[in-house]
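Q: Hey, can you walk me through this protein? I'm new to reading structures.

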Amino acid sequence: MKKRIAFTGGGSAGHVTVNLALIPHFIRAGWEVVYIGSLTGIERELVSALAGVQYVGISSGKLRRYFDWKNITDPLRVTKGVWQAYRFLRKWKPQVIFSKGGFVSVPVVLGGWLNRQPVVIHESDLTPGLANRLATPFASKICVTFPETIAHLPQEKGVHVGAVVREDLKQGNRDQGFTFCGFTKNKPVLLVMGGSLGARRINEAVRSNLPKLLETYQIVHICGKGQVDEQRKLAGYRQFEYVQDELADLIAMADLVISRAGSNAIFEFLAMQKPMLLIPLSKAASRGDQIVNARSFEKQGFCHVLEEEDLTNDAFTQAITSLRENCTAIATRMQQANEQDALRHVIAVLQEIAH
């Protein structure tokens with residue numbers, strides 16, 4: 001009988017990318033693979049492109065730290081999701097469940113635990129997110145990207161694996177990136193990414209300074225769902241809501257990157273040796289994990305950081321200029337960074353835990 005593995009995680013692309021890196025290995029190894037996610041989240045869209053993966057949608061609710069009337073109804077949705085996950089997992093009987101986090105993962109972890117099925121969690125950020133903190137008591141092991149994260153976890157559960165980077169990103173073709181965008185090789189390329197849902201403040205900063213930036217750069221702007229500005233059709237400026245198949249080519253083509261500071265994204269840029277200007281999500285809109293991620297990378301010399309509270313037009317353009325002036329030194333430090341094969345480490349943990 002084939003072995004079976006269930007993946008979960010969603011709400012943003014960051015809660016899916018590690019799963020996307022792992023799934024092809026298990027398919028090649030002959031495992032049956034299922035992905036349990038929300039009914040309408042981005043994970044459904046991303047996973048649907050994969051052959052050989054069954055997608056199971058369940059009810060879910062967002063875990064909020066602020067008042068919202070949905071806080072009254074969402075616990076009912078989560079409870080329903082636990083029951084749906086429990087029933088499916090009881091019937092499907094996976095050898096192991098892998099959770100990348102996000103609010104949809106909690107019902108799946110609980111459903112697996114109720115079925116006495118082992119669960120492995122992955123935490124990308126330096127400090128665990130709310131969903132993973134809730135799921136920790138029900139997990140067998142927790143794989144972490146930053147070694148400092150171990151201190152926040154039960155001693156017997158934490159495993160430092162490093163950053164999992166999708167193999168397909170390493171296969172990017174620079175020339176194909178130029179062809180896809182219609183760019184010239186005579187002008188540097190600035191890649192702007194605000195995450196799968198976009199980043200309004202970053203989008204506004206880019207568009208407010210477009211004429212000035214286009215004097216020096218060609219710009220690829222991945223601006224998020226529903227955030228393409230159809231009025232901005234300028235030579236040397238390409239906008240996309242989201243890029244999947246061509247992303248590796250665009251990263252290969254880029255000279256500099258402007259990004260939020262989600263852990264998965266910044267470690268991918270590190271692996272590709274792309275100097276970064278990081279604009280982390282502010283504490284007003286998050287738990288501050290991106291700020292911690294960004295400062296850790298800044299301390300290691302991999303990036304420059306501009307706080308969102310300081311994001312004025314002048315500060316934005318000056319930060320880009322400063323990054324370009326220091327890009328050679330940053331790229332050198334990136335080359336010297338110790339790499340470990342995190343993907344194979346996580347696979348080994350899953351194979352060991354599977355029964």
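A: Sure. One term to start with: two strands pair if DSSP finds at least two bridges between them. Keep in mind that this is a predicted model.

Q: OK, so what is the bridge partner of Cys143 in S7?
A: That's Val159. Strand S6 (residues 141-144) and S7 pair in the parallel sense, over three bridges.

Q: And in what order do the seven strands of the sheet come?
A: The order is S3-S2-S1-S4-S5-S6-S7, in an open sheet with parallel pairing. At the edges you find strand S3 (53-58) and strand S7 (158-160), each pairing on one side only. From one strand to the next, the twist averages 25°.

Q: Which strands does helix H4 lie across?
A: H4 (residues 105-114) lies across S1, S2, S3, S4 and S5, and runs at about 160° to S4. Helix H1 (residues 17-28) also lies across strands, including S1 (4-8), and its angle to S1 is about 165°.

Q: Switching topic: how many disulfides does the structure hold?
A: Zero.

Q: Why is there no bond between Cys303 and Cys327?
A: Because the sulfur of Cys303 is 14 Å from the closest cysteine sulfur, the one in Cys327, and that's too far for a bond. A disulfide needs the two sulfurs within 2.5 Å.

Q: Is Cys303 buried or exposed?
A: Buried, at 3% relative accessibility. Cys327, at 23%, counts as partly exposed.

Q: Last one: where is Asn132?
A: In helix H5 (residues 130-135). Asn132 is buried, with a relative accessible area of 6%. Its side chain makes a polar contact with the side chain of Glu123, at 2.8 Å.

How values were computed: Residues are numbered from 1 along each chain as its sequence is written. This is a predicted model: local features need pLDDT of at least 70, side-chain atom pairs count only at pLDDT 80 or more; totals for chains, interfaces and linings use all residues. Side-chain values use heavy atoms; hydrogens and water are left out. Helices (H or I, at least four residues) and strands (E, at least two) are DSSP runs, numbered from the N terminus. Buried means under 20% relative accessible area, exposed over 50%, partly exposed in between (1.4 Å probe, protein chains only). A polar contact is a pair of N or O atoms within 3.5 Å; within protein, one must be able to donate a hydrogen and the other to accept it, and residues adjacent in sequence count only if both atoms are side-chain atoms. Axes are lines fitted to C-alpha atoms, for helices over the stretch in contact, and angles run from 0 to 180 degrees between N-to-C directions. Contact means heavy atoms within 4.5 Å.
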